[in-house]
Amino acid sequence: AQGHGAKGDNIYEFQIEFLEPVEPKPVYKVTQRQLNITVQKKESNWWERLTKQEKRWLDESDAEMELKEKEEEKINKMKIESRVPKDPFKHLKKGYLIMYNLVQFLGFSWIFVNMTVRLFILGKDSFYDTFHTIADMMYFCQTLALMEIVNSLIGLVRSPLIPAVVQIFGRNFILFVVLGSLEEMQSKPVVFFIFYFWSIIELFRYPYYMLSCIGIEWKPLTWLRYTTWIPLYPLGALAEAVCIVQSIPIFSETGKFSLGLPNPLNVTIQFSFLLQIYLIALFLGVFVNFRHLYKQRKQHLGPKKRKMK
Amino acid sequence: FVSYQVEILDWKTKKQLCFLDKVEPNATIREIGLMFHKLYPRWYPARQSIKLDPKGKSLRDEEILQHLPVGTTATLYFKDLGPQIGWTTVFLIEYTGPLFIYFLFYFRMPFVYGLDERFTSSPHPVVNLACICHSFHYIKRLIETIFVHRFSHGTMPLRNIVKNCLYYWGFAAWLAYYINHPLYTPPSYGKKQINFAVIMFLLCEAGNFSIHVALSDLRRNGSKIRKIPYPTKNPFTWLFFFVSCPNYTYEVGTWISFTIMTQCVPVGLFTLLCFIQMTIWAKDKHCTYLREFKDYPSLRMPIIPFLL
């Protein structure tokens, strides 16, 4: 029969062999939703079953049985697949990660303690030669931090690659390019604040990673690691922004990293202009990262449990 | 004989926008669109996107109602594509801009390089050559838009024109600024470099034009059927053996030659961006060809022979 159904125009047909003879002309009734076919028996009596064959019509309990079988199959499949092959380098990898995080923790602790002690002894005067005393250790730690990108790249660590790259690039740009290349910037007070904020954040991050490598979770540390960034991260970004703003006139004047005409490449590069663009990117990046970190916080700290009265 | 009923809902709010009674089963989407337009004059057919599924693809104009998977009461969804502008119009505006903007810099208008340098001319012949090539390129594009191209979609959204013009006009200004600058430095390898670049430029322009003519010949009678383009007697079209979109290949070649000719980083940057954009377009087109034609030549790559 020709019908217009959900899949468009099609020809539909089926065959049923009835138990006993029936009248040859069935009555059809077509509605919008279904097709009713009325077939009359030749002899009016009780039929044991509808069709000649033994084959039962499927009913609800059959459907349930099918579902159960399918689920059991699925569970068996999953059990076989989840038997992950044993990793022979597992302990080596863990050891390396613990060492890395430990070294970074020690480095930043040294920086933090040093800066705090000098702050107490010298007060405001410590601001002016922060770079002079701390820079070498900071260079070391931040150069070593490149390993975090490698770790993420080779899959040693589960954290995503792009935020790590953005963070490392951002920090190293400030440290090596903006501060490192301009002597004038190194004696500015903002350096103190940048280094201080960076090191406090790391004081919580690296121990948390160390413990999670071993598989221990110390709840207070988790809370600190996922909460202290809320004031510290924006403050750190603010300090970086102030640093850039202060450096722009110096780059303008000295023409460092800038290229003027005439030159064989026929292009002008104004580093101070690029820094202004970077400033905008910095604020956008902080905004995006803030949302990402907040989501992470929710995941790790879980929903707050209501206190029962 | 069954006549259909068509109801059209807004794709987001699912509100019923119109109910068409007694629609012929063999009505096309175009005809339904015209009926819809009568009820909503501001939503002309080019602006309409009619779909079966609110989040699905738009139905083509040629689709016939009774071949669609709908019951006798069909539910279609409408999405407003926003004000539309014709492709030809867009191209004309996009390409005229760079042509004239370049002249502002070539003739050294006073507001560009300062009053001291106004209306002066460069001592380097390559600067004149660059102006000729740049202008030739855009005039050729304008001619092709008017006489050669046959567009499959009539229109594009209006906001695209702002985005496209900013890109083409902005880059034209940026590269023209440096090429026509009083302190411009001609290429390091002198006449050899320039002559090589000019020859490459002419070859690529000829190639690009040949491909456009060949593609337009495929649709000679206004037919909308897509056909596989094949190499013709013209040697420039022999690139079709190796590449699905040789017009893009030649276009990138033109800009590479212009970069070599002027030895200018902004031109190089523009070339790079063109290359990236055209590779994306070429890959897209290549995939479409592969999907539509089972016997598509297997040697062909999207844009660079054997590589990309």
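## A tour from one isoleucine outward

Start by selecting Ile162(A), which sits in helix H5 of chain A. Keep in mind as you go that this is a predicted model. Is Ile162(A) buried or exposed? Its relative accessibility is 61%, and exposed means over 50%, so Ile162(A) counts as exposed.

Next, add its companions to the selection. Val150(A), Leu153(A), Ile154(A), Leu161(A), Val165(A), Val166(A) and Phe169(A) join Ile162(A) in a nonpolar surface patch, and together these residues have about 750 Å² of accessible area. Now colour by element: helix H4 (146–153) and helix H5 (161–179) of chain A each give two or more residues to the patch. Which helix gives the most? That is H5(A), with 5 residues.

Zoom out to the whole of chain A. Its secondary structure comes to 10 helices and 4 strands. Trace the chain along the sequence and you will meet the pattern β-β-β-β-α-α-α-α-α-α-α-α-α-α. Of the 309 residues in chain A, 32% are buried. Switch on the surface: chain A exposes about 22,200 Å², with carbon and sulfur atoms supplying 63% of that area. Looking at contacts in chain A with a separation of 6 or more, 68% are between residues 24 or more positions apart.

Finally, hop over to chain B. An unreviewed UniProt entry places the feature "transmembrane region" at residues 85–107, 166–184, 196–215, 235–250 and 256–276 of this chain. Select 235–250 of chain B: this span is 31% helix and 0% strand, with its end C-alpha atoms 13 Å apart. Then select 256–276 of chain B, where the chain is 90% helix and 0% strand and the end C-alpha atoms lie 13 Å apart.

Technical notes
Residues numbered from 1 in each chain as written. Chains lettered and ligands numbered in written order. Predicted model: local features only at pLDDT ≥ 70, side-chain atom pairs only at ≥ 80, totals over all residues. Heavy atoms only, no water. UniProt positions renumbered as here; feature names shortened; annotations may be inferred. Buried < 20%, exposed > 50% of the residue type's maximum accessible area, 1.4 Å probe, protein only. Contact = heavy atoms within 4.5 Å. Areas by Shrake-Rupley, 256 points an atom, 1.4 Å probe, with all protein chains shown as cover. Patch = residues over 30% accessible without salt bridge, like charges linked within 9 Å, V, L, I, M, F, W, Y side chains within 5 Å. Salt bridge = Lys/Arg side-chain N within 4 Å of Asp/Glu carboxyl O.
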